[in-house]
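Hello,

Here is the structure I promised to pass on. Please open it alongside this note. My findings follow below it.

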Amino acid sequence: SNCAQRSSNSDSETAPFFNGPSTISSFLVRVAIACGKTEGRGTSILPDQTFNSGAEGVDQSDASPSELMTAREMFEPALVKLVVLNATDGDIRKLRDLVEQQKNAGPALEFEAGDIALHRAIAAAARNTLLMDLAERILSARRNSDWRKLKATVARRKPERRLQAIVEHERIIQALENRDADEAGAAMRSHLASVRYNLIDTQY
């Protein structure tokens, strides 16, 4: 497509931020930048053409926990690097507030809702409509019953995991606040590796 062709011209913009192994994720971001050029911090302009992903009618809640984690590992470390570029100071304050709310969360379901809210706010801070759509598709997969069962099991068997997750979130937000793209990506990768280990690797 024209957007994909134009994405190759965006390498100079993204090179300082997307030089890691996640080539598919960086391609998605380059396409998003080509199709909706970021003009100044916090503004993204998308073309008039309707974006049809071909995924309408697909229920993301059918994705397995392993599929969900793979998608997150491909997507979210690249996404936070774009957040470094586009997030406003207000966006960062909102992320910090959401982490503080997690510290005071009650039952496991409330903590999970707070976790989803935080990751949704991170995606929104990238200020790119196309990437937000992709993020929502990934977040919707967390409705999967197997995922929810795994989260409940971890909450019951590993109560210390809640504090670990908060510390990991704080590291991500600190990197975003410092506008450190490399550290933000590394912090997100480390967080997702911990999520995979606790939810999947030690459960099967």
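A125 is buried, because its relative accessibility is 2% and the cut-off for buried is under 20%. A125 sits in helix α6. Please keep in mind that this is a predicted model.

What does A125 touch, once its neighbours within four places in sequence are set aside? The contacts are V83, N86, A87 and D91. The C-alpha atoms of A125 and D91 lie 5.9 Å apart, with their positions 34 residues apart in sequence.

**The chain overall**

The chain has ten helices and zero strands. Read from the N terminus, the order is α-α-α-α-α-α-α-α-α-α. There are 204 residues, and 46% of them count as buried. Take the contacts in the chain with a separation of 6 or more: 78% of these join residues 24 or more positions apart. The accessible surface is about 10,400 Å². Carbon and sulfur atoms hold 53% of that surface.

**Helix packing**

Two packed helices are described by the angle between their axes and the distance between the axes. I went through three pairs in that way.

*α4 with α6.* The axes are 8 Å apart and the angle is about 55°. α4 is therefore oblique to α6. The crossing is left-handed. From α4, the residues in contact are R72, E76, L79, V80, V83 and N86. From α6, they are H119, I122, A123 and A125. By class, this contact has six nonpolar, two polar and two charged residues. A125 thus turns up again here, on the α6 side.

*α4 with α10.* Helix α4 covers residues 65–86. Its axis and that of α10 come within 8 Å and cross at roughly 165°. That angle makes α4 roughly antiparallel to α10, because angles over 145 degrees count as such. The crossing is right-handed. α4 brings P65, S66, M69, T70, R72, E73, E76, P77, V80, K81 and V84 to the contact. α10 brings A181, D182, A184, G185, M188, R189, L192, V195, R196 and I200. The residues divide into eleven nonpolar, three polar and seven charged.

R72, E76 and V80 of α4 are worth clicking on. They are among the α4 residues that meet α6, and they are also among those that meet α10.

*α6 with α9.* Here the axes are 12 Å apart, at an angle of about 15°. α6 is therefore roughly parallel to α9. This crossing is left-handed. A108, F111, D115, L118, H119 and I122 are the α6 residues in the contact. R162, A165, I166, H169, I172 and I173 are those of α9. Eight of the residues are nonpolar, two polar and two charged. On the α6 side, H119 and I122 belong to this contact and also to the one with α4.

**M188**

Where is M188 placed? It is in helix α10. Is M188 buried or exposed? M188 is buried, because its relative accessible area is 0%. Setting aside neighbours within four places in sequence, M188 contacts E76, P77, V80, H119, I122 and I172. Of these residues, E76, P77 and V80 belong to the α4 side of the contact with α10. H119 and I122 lie on the α6 side of the contact with α9, and I172 on the α9 side. M188 and I173 are 15 residues apart in sequence, and their C-alpha atoms are 9.7 Å apart.

**Two arginines with positive phi**

Two loop residues deserve a look at their backbone.

R127 is in the loop between α6 (108–125) and α7 (129–140). Its phi is near 60°, a positive value in a residue other than glycine. R127 counts as partly exposed, because its relative accessibility is 30%.

R179 is in the loop between α9 (161–177) and α10 (181–201). Phi of R179 is about 55°, again positive, although R179 is not a glycine. R179 is partly exposed, because its relative accessible area is 25%.

**Where to start**

I would begin at M188, with its contacts to E76, H119 and I172 among others. Then go on to A125 and its contacts, including V83 and D91. The two loops with R127 and R179 can come last.

Best wishes

Conventions:
Residues numbered from 1 in each chain as written. Predicted model: local features only at pLDDT ≥ 70, side-chain atom pairs only at ≥ 80, totals over all residues. Heavy atoms only, no water. Helix = DSSP H or I, 4+ residues; strand = E, 2+ residues; numbered from the N terminus. Buried < 20%, exposed > 50% of the residue type's maximum accessible area, 1.4 Å probe, protein only. Axes fitted to C-alpha atoms, helices over the stretch in contact; angles between N-to-C directions. Parallel < 35°, antiparallel > 145°, perpendicular 65-115°, else oblique. Left-handed = near helix turned anticlockwise from the far one by under 90°. Contact = heavy atoms within 4.5 Å. Nonpolar A, V, L, I, M, F, W, Y, C, P; charged D, E, K, R; others polar. Areas by Shrake-Rupley, 256 points an atom, 1.4 Å probe, with all protein chains shown as cover.
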